[in-house]
Amino acid sequence: MIFLTVGTQEPFDRLVKAVDDWAGSHDVPVFGQLGRLEPGSYRPRNFPFEPFISADEFQERAESCTLMVAHAGMGSIISALTMAKPLLMMARRASLGEHRNEHQLATAARFAGRAGLHVAADEGAVGPLIDRLLRDARDPSGAISPYAQPELIAALKDFIRGA
């Protein structure tokens, strides 16, 4: 199953439509969490979706998916890394009215190339990248721990004790 999540603040029609177009010609289950849907927001025809889901449902869907597809938001990135799920991300663009500034472009650029994280430059790259990622086997050894490294904890303790 592919889990599409675009956050909770704004619609992300470009990404939703790209995944919907791909889903229309593939027999792979997709579920979408689409955030706030405004009048005129794109609504997928080829997969079920909800504007909002609970934190528990998000966790369940993320854990059970084969591939996460998301905006370049830190919550999605951290979730995918922690669960060792491959993530295809596409940045929202302020220049296209999808966000307030271009910070998601910087986020996507910063994480591009890290094992398990894949960036689609635009909606035309989404379908081919989904196809490639579903073909590729994912090595779960790239998972990050949900806990801080012992070195960081020790440094924080030392700092607090010294303050």
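I160 counts as exposed, because its relative accessibility is 60% and the cut-off for that class is over 50%; I should say at once that we are looking at a predicted model. The residue sits in helix 6, which covers residues 150-162, and together with L152, L156 and F159 it forms a nonpolar patch on the surface, with an accessible area of about 450 Å² for the four residues together.

Staying with helix 6, there is also a salt bridge to point out, between the side chains of R161 and D158, with an N to O distance of 3.8 Å. These two residues are 3 positions apart, about one turn of the helix, and both of them are exposed.

Salt bridges that share partners also join E10, R36 and E38 into one network, and a search of the whole structure finds 7 salt bridges.

Another of these pairs is in helix 2, residues 55-64, where R61 and E57 are separated by about one helical turn because they lie 4 residues apart. Their side chains meet in a salt bridge at 2.8 Å, N to O. R61 counts as partly exposed at 24% relative accessibility, and E57 is likewise partly exposed, with a relative accessible area of 25%.

The last pair I would like to show is R132 with D136, a salt bridge in which the closest N and O atoms are 3.4 Å apart. Here R132 has a relative accessibility of 35%, and therefore counts as partly exposed, while D136, at 40%, also counts as partly exposed.

Definitions and conventions. Residues are numbered from 1 along each chain as its sequence is written. This is a predicted model: local features need pLDDT of at least 70, side-chain atom pairs count only at pLDDT 80 or more; totals for chains, interfaces and linings use all residues. Side-chain values use heavy atoms; hydrogens and water are left out. Patches are made of residues with over 30% relative accessible area and no salt bridge: like charges are joined within 9 Å, nonpolar side chains (Val, Leu, Ile, Met, Phe, Trp, Tyr) within 5 Å. Accessible areas come from the Shrake-Rupley method with a 1.4 Å probe; for residues, only the protein chains shown count as cover. Buried means under 20% relative accessible area, exposed over 50%, partly exposed in between (1.4 Å probe, protein chains only).
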